[in-house]
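Trainee: Could you take me through one part of this model up close? I'd like to hear about the salt bridges, and then whatever else fits alongside them.

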Amino acid sequence: MAAVNTTGPAPYIYACTRMRVRKAGLLPREEYMRMLNMELPEVTRFIEETGYKTEIDELASSFSGVDLMEIALSWNLAKEYQRIIAMVPGHLKKLTKSYLLRWDIQNVLTVLRGKTQGVPSGKIKEILIPAGSLDKVDLDRLVGEDSPDRIVDHLKDHKLYSVFDREMAAALESGSFARMENELYKAYYADLIRESKGGVKGGHAFLKYVRLDIDTKNLETVFRVKGETDSESIRELMIEGGTFTIDELVRYAGIENVEEIVDTVRKKLDIESFSDVFDAVRENKPASEIELGLIKAKLDQMDRLSKRYPMSVCPILLYLEMKMYEVSNLRAVARGKESNLPSERIGACMVV
Amino acid sequence: MAIEAMTVEVAEASAVGLKAVGAGLAVGLAGMGTGLAQLGIGGAAVGATAENKEMFGLALLFTVIPETVVIFGLVVALLLLFT
């Protein structure tokens, strides 16, 4: 049943404004550029001075160096997401929770991959981010299990249990969880679309975001495999529900001429935010650059959506995404500095 | 003759009554408009202040701006009642 708004629009305005203020407080581009010129200890100190002090102080006794920073960043992200779920009212809560389900996919797959490759439980725990419906206790329980089957058994009440259950045997047989991952994301997006069309208030704005996300992912695949003729394997990688049908996407992926792909895609997806990506594809830029361009285009378009629907789930989703990229940028800086990578290479991996 | 005197009295009383109703409507409707405007601004102001305490002064100022509407209503009501 759709969530009923019994308290008027004020809580929605309140929550969306808080998200806007939080978004404004995220690190700007100039700060990242400054950080690229710092040494690792300076970067750690800098991060501690921003919003990550509590987590760094909490974990300082157990970890050090870049590990401390990485785990503190993950903890901060998870806590922030849980705080936002607690804060957002009415139907926004349900939509936000559904969106955050992607973290469950990531966490469970990390546990499964780690377990099958014999990674110690402690190491697996370090990289989990309990930001979805599975909290720290649930994840600890999963990490504590010995076999993948028992891990999946623990997920009986989970929304995506049927997919885990269906794909597990094939994944164990092939030794790869890639197909399972694809199927999980397909089910995840199908669920989001179903929810946004289920009559919930604000579903229209949510659907726009879901479509945008699916388009970005599908285009990433098309640009990565361009010229590939094995249509069946391409079809399996595509997610349904976006602007393009699966048949169209398979056809685009099979086109060898880059100009033709871009022109055809542009005809249907004429969004200003994506024009830089299309230019990058045309210029045959590396795949990583195109992927980053797609993420930036998605964020730019999400920003536009959040302005068009200011009291919807869009400002919340925009903040959640931007926070996630802030954490991944900081992680890239820390890891890059530790590995003595040149600043330009670190900068090229960041979404700024 | 008696009926005519009654009519003038009734008309005068009605005029006073209608002025009072008009004054009430002016203040009431202006107050409702102000309230509706303050609903959104107040929600946003509290949200912004919750995130950043420094915004309190500015947020308060924005919340007070729609008060001008109810003051206009009050002025209209006073004009109706005393002129």
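What follows is a walk through the salt bridges, with a short look at a cavity and a surface patch afterwards.

Mentor: Happy to, and keep in mind that this is a predicted model. Searching the whole structure over all chains turns up 44 salt bridges, and a few in chain A are worth a slow look.

Start with A:Glu55 and A:Lys79, whose side chains meet in a salt bridge at 3.5 Å, N to O. This pair ties together distant parts of the chain: A:Glu55 sits in helix H4 (residues 53-59) and A:Lys79 in helix H5 (residues 65-87), 24 residues apart. How much of each partner is open to the outside? A:Glu55 counts as buried, because its relative accessibility is 3%, under the 20% cut-off. A:Lys79, on the other hand, has 28% and counts as partly exposed.

Now go to helix H8 (residues 136-144) of chain A, which holds both A:Arg141 and A:Asp138, three residues apart, or about one turn of the helix. Those two form a salt bridge with their closest N and O atoms 4.0 Å apart. Both ends are partly exposed here: A:Arg141 has 43% relative accessibility, and A:Asp138 has 23%.

Next up is A:Glu145, which bridges to A:Arg150 with 2.8 Å between the closest N and O atoms. A:Glu145 is buried at 12% relative accessibility, while A:Arg150 is partly exposed at 46%.

Salt bridges can also join up into something bigger than a pair: A:Arg166, A:Glu167, A:Arg179, A:Glu183, A:Lys186 and A:Glu236 are linked in a network of them.

Charged residues turn up again around the cavity. The count comes to one cavity of 30 Å³ or more, and the largest cavity holds about 40 Å³ of space. Its lining is made of A:Glu220, A:Phe223, A:Arg224, A:Lys226, A:Ala287, A:Ile290 and A:Glu291. Helix H12 (203-224) and helix H17 (287-308) of chain A are the elements that each give two or more residues to that lining. By class, the lining has four charged residues, three nonpolar ones and no polar ones.

For a contrast in character, hop over to chain B. There B:Leu18, B:Val21, B:Leu25, B:Leu29 and B:Met32 form a nonpolar patch on the surface, together showing about 540 Å² of accessible area. Pick out B:Met32, which belongs to helix H1 (residues 2-51) of chain B. B:Met32 counts as exposed because its relative accessible area is 56%, over the 50% cut-off.

How values were computed:
Residues are numbered from 1 along each chain as its sequence is written. Chains are lettered from A and ligands numbered from 1 in the order in which they are written. This is a predicted model: local features need pLDDT of at least 70, side-chain atom pairs count only at pLDDT 80 or more; totals for chains, interfaces and linings use all residues. Side-chain values use heavy atoms; hydrogens and water are left out. On a 1 Å grid over the protein atoms alone, a cavity is a set of points where a 1.4 Å probe fits but cannot get out, and a pocket is an open set with protein on both sides within 12 Å along at least five of seven lines; lining residues have an atom within 4 Å of a point. Grid points are joined across faces, edges and corners, and a volume is the space filled by probe spheres set on the points. Helices (H or I, at least four residues) and strands (E, at least two) are DSSP runs, numbered from the N terminus. Ala, Val, Leu, Ile, Met, Phe, Trp, Tyr, Cys and Pro count as nonpolar, Asp, Glu, Lys and Arg as charged, and the others, Gly among them, as polar. Patches are made of residues with over 30% relative accessible area and no salt bridge: like charges are joined within 9 Å, nonpolar side chains (Val, Leu, Ile, Met, Phe, Trp, Tyr) within 5 Å. Accessible areas come from the Shrake-Rupley method with a 1.4 Å probe; for residues, only the protein chains shown count as cover. Buried means under 20% relative accessible area, exposed over 50%, partly exposed in between (1.4 Å probe, protein chains only).
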